[in-house]
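Thanks for coming. I have one structure to go through today, so please look at the sequence and the model on the screen.

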Amino acid sequence: MTKVELQEILETLSEKYKSIEEKIDLDSQKKEHQKLQQEMELPHFWDDQNHAQEVSQKTARIENFIHLWTELKNELQDFPELLEMASETELSDLETEILSFKKKFENEETKLLFSGEYDEGDAIL
């Protein structure tokens, strides 16, 4: 692939990120994570084991979500500069990285389609 083709891929991914950024809402996710962390620090938090386990699991899910989307955003922002500086010999490696990133991004984007209030529960067949 040429630099121009790779730039087009990155532009498309940037547009996709912008379109889903509101659904991701990292700021509110961070606030929710902080709130749950504070709850977990309360002295009697572990008195109700079931509630404590639910809160702990939710905290871990939110933390993973924040980390994942922050990482994706940062990579997406870094690629254009790397592409601009890449020599012809480095272009092949960068192409592999960008295509791998594209696949990961699109996979996570698809997961967002199935992330709703009841998606953590079991399906009824």
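I will start with the overall fold, then go through the salt bridges, a charged patch, and a few single residues.

Please keep in mind that this is a predicted model.

First, the chain as a whole. It has 4 helices and 0 strands. Going along the sequence, the pattern reads α-α-α-α. Helix H1 covers residues 3-24, and helix H2 covers 26-40. Helix H3 takes in residues 49-85, and helix H4 takes in residues 88-113.

Next, the dimensions. What box do the C-alpha atoms fill along the principal axes? The box is roughly 60 × 40 × 25 Å. The radius of gyration of the chain is 19 Å, whereas a compact globule of 125 residues would have one near 14 Å. As for burial, 26% of the 125 residues are buried.

Now the salt bridges. As background, side chains of opposite charge can pair when their charged atoms come close. How many salt bridges does the structure hold? It holds 7, and I will go through some of them.

Begin with Glu106 and Lys16, whose side chains form a salt bridge with an N to O distance of 3.2 Å. This pair links distant parts of the chain, since Glu106 sits in helix H4 and Lys16 in helix H1, 90 residues apart. Are these two buried, exposed or partly exposed? Glu106 has a relative accessible area of 25%, so it is partly exposed. Lys16 also has a relative accessible area of 25% and is partly exposed.

The second pair is Glu71 and Lys104, where the closest N and O atoms are 2.9 Å apart. Glu71 belongs to helix H3 and Lys104 to helix H4, so this salt bridge ties together parts that are 33 residues apart in sequence. Glu71 is partly exposed at 29% relative accessibility, and Lys104 is partly exposed with a relative accessible area of 32%.

The third pair stays within one helix. Glu108 and Lys111 form a salt bridge through their side chains, at 3.2 Å from N to O. Both residues are in helix H4, 3 residues apart, which is about one turn of the helix. Why does Glu108 count as buried? Its relative accessibility is 12%, and the cut-off for buried is under 20%. Its partner Lys111 has a relative accessible area of 48% and is partly exposed. Elsewhere, salt bridges with shared partners join Lys16, Lys102, Glu106 and Glu109 into one network. Lys16 and Glu106 are the pair I began with.

Next, the charged patch. Which residues gather in a patch of negative charge on the surface? They are Glu5, Glu8, Glu11 and Glu15. Glu5 lies in helix H1 and counts as partly exposed, because its relative accessibility is 36%.

That leaves a few single residues, starting with the backbone at Asp25. In general, most residues other than glycine have a negative phi. Asp25 is not a glycine, yet it has a positive phi of about 45 degrees. Where is it? Asp25 is in the loop between H1 and helix H2. Asp25 is partly exposed, with a relative accessible area of 33%.

Finally, some distances, from C-alpha to C-alpha. Met40 is in helix H2 and is partly exposed at 24% relative accessibility. Met40 and Ser28 are 12 residues apart in sequence and 18 Å apart in space.

Ser56 is in helix H3, and with a relative accessible area of 22% it is partly exposed. How far apart in space are Ser56 and Glu39? They are 9.9 Å apart, with their positions 17 residues apart in sequence.

The last one is Glu21, in helix H1. Glu21 has a relative accessible area of 34% and is partly exposed. Glu21 and Glu95 are 74 residues apart in sequence, and in space they are 25 Å apart.

To recap, this is a predicted model of a chain with 4 helices and 0 strands. The structure holds 7 salt bridges, one of which links Glu106 in helix H4 to Lys16 in helix H1. That is everything I have.

How values were computed. Residues are numbered from 1 along each chain as its sequence is written. This is a predicted model: local features need pLDDT of at least 70, side-chain atom pairs count only at pLDDT 80 or more; totals for chains, interfaces and linings use all residues. Side-chain values use heavy atoms; hydrogens and water are left out. Patches are made of residues with over 30% relative accessible area and no salt bridge: like charges are joined within 9 Å, nonpolar side chains (Val, Leu, Ile, Met, Phe, Trp, Tyr) within 5 Å. Accessible areas come from the Shrake-Rupley method with a 1.4 Å probe; for residues, only the protein chains shown count as cover. A salt bridge is a side-chain nitrogen of Lys or Arg within 4 Å of a carboxyl oxygen of Asp or Glu. Lys and Arg count as positive and Asp and Glu as negative; His and the chain ends are not counted. The place of a charge is taken as NZ of Lys, CZ of Arg, CG of Asp or CD of Glu. Helices (H or I, at least four residues) and strands (E, at least two) are DSSP runs, numbered from the N terminus. Buried means under 20% relative accessible area, exposed over 50%, partly exposed in between (1.4 Å probe, protein chains only). The radius of gyration is taken over C-alpha atoms; the globule rule is 2.2 Å times the number of residues to the power 0.38.
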